[in-house]
Amino acid sequence: MESKIFSIGEVCNLLDLKSHNLRYLEKALNLSPERDKSFNRVYTETDVKELKRVINLKKSGLNYDAIKKILNDEKDIDIKSVECACTITEENIQENYDLIPFDKVEVLKKLMKTVINESLTENLNPKLEELSNDNKVLKDIIERQQKTYLKTQEMHFKDIDNKFIKWREDNFKSEKKSFFKTLFKKR
């Protein structure tokens, strides 16, 4: 029994997608449909079902990395369990406690942990690197400002010292008493 073959246009009509969105899905998830003699994409019924699952997973809130993991680990986990897990809410958890088969819970936990860790690593490492670079720039700016401040302060004290020396020379030049005696004499 032969399965039906669909062109890209037919699949787009079935899934209510534009062809560029379908190509993007294929690229993002590393899907590679068969090609005919003219190198046009052709899809089997299985491919269409898989694409429907991908679209449902995307609508349920999963990102492409998570969907890719699910597709790669499909042999280890029942895809319907994952779809159900994505729609679990606090209200229905008590009445639907058996949504995920018990033997698949550990596999799902491992899969979710891997996806979350990879996502955090992807997002945090560039931010940490950016913060580290910003921190280095700020340290350099602070060092330059401190040097400038110290130079300015030194110049200010030298200026005050020179003015004081000049004032002392001008005011106490003719007197033979010492500077401090003149300055602190009793009146």
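Me: Contact means that heavy atoms lie within 4.5 Å. With that in hand, what covers the buried residues of α2?

Reply: This is a predicted model, in which local features need pLDDT of at least 70, side-chain atom pairs count only at pLDDT 80 or more, and totals for chains, interfaces and linings use all residues. Residues are numbered from 1 along each chain as its sequence is written, and side-chain values use heavy atoms, with hydrogens and water left out. In α2 (19–28), the buried residues (under 20% relative accessible area, with a 1.4 Å probe and protein chains only) are L22, L25, E26 and A28. Their cover includes α1, β3 (41–44), α3 and α4.

Me: How are helices and strands set, and which residue just after α2 takes a positive phi?

Reply: Both are DSSP runs, numbered from the N terminus. A helix is H or I with at least four residues, and a strand is E with at least two. Just after α2, a positive phi of about 55° is taken by N30.

Me: Which element gives the largest share of the largest nonpolar core?

Reply: A nonpolar core joins buried Ala, Val, Leu, Ile, Met, Phe, Trp, Tyr and Cys residues through side-chain atoms within 4.5 Å. The largest one here has 21 residues, and V11, L29, Y43, L51 and I67 have the most contacts inside it. Two or more residues each come from α1 (8–15), α2, α3 (45–59), α4 (64–72) and α7 (102–172). The largest share, 5 residues, comes from α3.

Me: Within what arc do the buried residues of α1 fall?

Reply: The buried residues of α1 are V11, C12 and L15. They line one face of the helix, because their directions from the axis stay within a limited arc. That arc, taken from the axis to the C-beta atoms, is 100°.

Me: Is E26 buried or exposed, and which side chain joins it in a polar contact?

Reply: E26 is found in helix α2 and is buried, at 5% relative accessible area. A polar contact is a pair of N or O atoms within 3.5 Å; within protein, one must be able to donate a hydrogen and the other to accept it, and residues adjacent in sequence count only if both atoms are side-chain atoms. Leaving out residues up to four places away in sequence, E26 touches L31, P33, R41 and Y43. The 2.2 Å polar contact joins its side chain to that of Y43.

Me: How many salt bridges are there?

Reply: The rule asks for a side-chain nitrogen of Lys or Arg within 4 Å of a carboxyl oxygen of Asp or Glu. One of the pairs is R41 with E26, at 2.6 Å from N to O. R41 is in strand β3 and E26 in helix α2, so this pair ties together parts 15 residues apart in sequence. The count comes to 4.

Me: How far apart in sequence are the parts that K69 and E118 tie together?

Reply: K69 and E118 form a salt bridge, with their closest N and O atoms 3.3 Å apart. K69 is partly exposed at 23%, and E118 is partly exposed at 35%; that class lies between buried and exposed, the latter being over 50%. K69 lies in helix α4 and E118 in helix α7, so the separation is 49 residues.

Me: Which helix holds both K163 and D159?

Reply: Their side chains meet in a salt bridge of 3.5 Å, N to O. K163 is exposed at 55%, while D159 is partly exposed at 37%. The two are 4 residues apart, about one turn, and both lie in helix α7.
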